Amino acid sequence: MVLMRPFVAVALLLGSLPLMAQARPEADPLSREIETRMAAVMPRVVAWRRDIHQHPELSGMEVRTAALVEKHLRALGLEVQAQVGKTGVVAVLKGGRPGPVVALRADMDALPVTEQVDLPFKSTVRTQYNGMDVGVMHACGHDNHVAILMGVAEVLAGMKARIPGTVKFIFQPAEEGLGGAKAMVADGVLTNPRPSAIFGLHVFPGPLGSLSTRAGGFMAAADGLEIKVKGRQTHGSQPWSGVDPIVVSSQVILGLQTIASRQIDVTSAPAVITIGSIQGGNRGNIIPDSVMMVGTIRTFDPEMRALIHERVKRTAEDIARSGGATATVTISTGGLITRNDAALLDKMTPTLQRTAGEGGFRIVNPITGSEDFPEYTRDIPGLFYLLGGSPKGSDPRTQPANHSPLFFVDEAALPTGVRAMANLAIDYLRSGGLPVP
Ligand SMILES: [Zn+2]
Ligand SMILES: [Zn+2]
């Protein structure tokens with residue numbers, strides 16, 4: 001503050017506005033053109049977002065959304081391919097100047113959640129899900145992702161002749177645990193042309209217009225865990241005549257908690273092991289034959305993930321054996337760890353700093369939720385970042401989380417979403433990109 005004062009005084013003397021405008025790094029022609037084109041497209045980005053929000057579709061059923069996206073991309077004159085990975089849409093924008101290829105990804109699916117937010121464009125859609133009548137809602141905010149990327153496509157298509165390279169737009173179905181990214185990759189979304197980097201964003205309850213990310217493990221791998229402890233059933237009054245799986249399971253649960261606290265290097269990455277369900281027995285005077293436990297494992301580092309899987313197995317089996325029981329451990333590997341490429345983040349940090357809204361650019365702690373974005377980054381570098389959407393003046397920590405029926409994104413965050421993604425694409429391309437892996 002103290003250092004700023006003399007500058008402000010000089011700036012006022014010279015006429016502060018032109019001087020400050022010149023000093024701002026986005027004053028280069030391509031960034032300025034993004035701003036001009038954004039101003040024209042933002043009202044439609046808001047309208048698309050409201051329309052998509054009001055017409056949410058569950059994973060793998062994004063037919064209306066995909067049709068809206070496809071129509072828009074075709075109208076922009078892009079090379080469009082529909083029904084990629086079932087309902088996905090891909091478009092290629094070939095710039096007028098030579099350069100690398102970059103991919104931008106948005107997910108399109110909604111969730112079986114009944115909306116409780118009081119909006120004029122609130123979803124009233126209902127469906128049958130797992131035999132239950134439920135509402136359908138964009139409770140993860142993917143409506144914003146689609147509208148933002150449609151806006152970015154229009155901004156960049158308008159400045160095509162000056163773009164040094166190629167932009168691939170990926171509108172993905174079925175992110176919510178149903179393999180949308182995997183299906184698109186299997187359908188060749190990363191070939192012809194092959195991008196040398198990919199960017200993706202997600203809205204979340206954070207300071208309005210903030211951009212948050214980190215290098216390395218950013219979002220967790222979520223692995224399912226099932227442990228069956230088999231003892232031998234007997235009378236509750238005579239435990240010595242059987243093997244009590246309830247006591248053994250209690251020891252197993254406590255043993256599992258020593259993996260994260262005692263057996264991994266806590267300075268390198270966090271990990272969570274949770275047993276969320278335990279079932280065994282049906283009355284007080286019967287020691288049951290077996291106990292079933294179900295849980296989840298969240299990790300941020302591939303080596304640690306493998307080590308934890310091995311330790312979970314060893315801990316459960318050996319503790320059970322010590323009590324004369326057996327434990328059968330099944331770990332179902334879920335999604336991959338969302339890992340941000342450090343070199344790519346380094347390269348793009350000035351862009352994120354420059355384009356973040358009032359909430360600023362922030363390096364944040366890892367998030368124990370998971371994403372299917374890393375399906376694209378198995379062999380190309382990727383950068384995934386969060387866009388804060390909490391209403392101005394609210395405390396993001398008290399805002400309903402993604403997947404809540406009260407989840408809400410303030411549309412004042414949308415301009416930052418478009419600005420950041422469009423500038424990331426342009427700045428990446430004009431930097432010459434990263435070598436194609
Ligand atoms: Zn979600
Ligand atoms: Zn999501």
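The chain is divided into two parts, domain 1 (27-219 + 337-430) and domain 2 (221-332). The model described here is predicted. The centres of domain 1 and domain 2, taken over C-alpha atoms, are 39 Å apart. Contact between them involves five residues of domain 1 and ten residues of domain 2. On the side of domain 1 that touches domain 2, two residues are nonpolar, three are polar and none is charged.

**The chain as a whole**

The chain has 437 residues, of which 47% count as buried. Its secondary structure consists of ten helices and 18 strands. Along the principal axes, the C-alpha atoms fill a box of roughly 90 × 55 × 45 Å. Among contacts between residues at least 6 apart in sequence, 81% join residues at least 24 apart.

**The sheet of eight strands**

One open sheet is formed by eight strands in the order S1-S2-S6-S3-S7-S18-S8-S17, with mixed pairing. Strand S1 (79-84) and strand S17 (361-363) are at the edges; each has a single partner strand, so one side of each has no neighbour in the sheet. From one strand to the next, the twist averages 20°.

At the S17 edge, the partner is strand S8 (residues 211-213), and S8 and S17 pair in the parallel sense over three bridges. Within this pair, Ser 212 has Arg 362 of S17 as its bridge partner.

Helix H5 (residues 142-158) lies across four strands, namely S2 (88-94), S3 (97-107), S6 (164-172) and S7 (197-204), and runs at about 160° to S3. H5 is mostly covered, with 16 of its 17 residues buried.

**A hairpin**

Strand S4 (residues 126-129) and strand S5 (residues 132-135) pair in the antiparallel sense over four bridges. Arg 126 stands opposite Gly 135 in S5. The hairpin of S4 and S5 has two residues between the strands, and Asn 130 takes a positive phi near 50° there.

**The sheet of four strands**

Another open sheet has four strands in the order S12-S14-S10-S15, and the pairing is antiparallel. S12 and S15 are the edge strands; each has a single partner strand, so one side of each is without a neighbour in the sheet. The twist in this sheet averages 20° from one strand to the next. S10 and S14 pair in the antiparallel sense over ten bridges, and Gly 224 stands opposite Thr 296 in S14.

Two helices lie across these strands. H7 lies across S10, S12, S14 and S15 and runs at about 165° to S12. H8 lies across S10, S12, S14 and S15 as well, running at about 160° to S15.

The buried residues of H7 include Pro 245, Val 248, Ser 249, Val 252, Leu 256 and Ala 260. The elements they pack against are strand S10 (221-230), strand S12 (271-279), strand S14 (290-299), helix H8 (302-322) and strand S15 (326-332).

**Lengths of two helices**

The table sets out the end-to-end spans of H5 and H7.

| Helix | Residues in helix | Span between end C-alpha atoms | Expected span at 1.5 Å a residue |
|---|---|---|---|
| H5 | 17 residues | 25 Å | 24 Å |
| H7 (residues 245-263) | 19 residues | 25 Å | 27 Å |

For H5, the distance between the end C-alpha atoms agrees with the expected span. For H7, the reach from the first C-alpha to the last is close to the expected value.

Methods
Residues numbered from 1 in each chain as written. Chains lettered and ligands numbered in written order. Predicted model: local features only at pLDDT ≥ 70, side-chain atom pairs only at ≥ 80, totals over all residues. Pairing = 2+ DSSP bridges. Axes fitted to C-alpha atoms, helices over the stretch in contact; angles between N-to-C directions. Contact = placed C-beta atoms within 7 Å. Domains from an automatic or database assignment. Nonpolar A, V, L, I, M, F, W, Y, C, P; charged D, E, K, R; others polar. Expected span 1.5 Å × (residues − 1). Buried ≥ 20, exposed ≤ 12 C-beta atoms within 10 Å, placed from the backbone.
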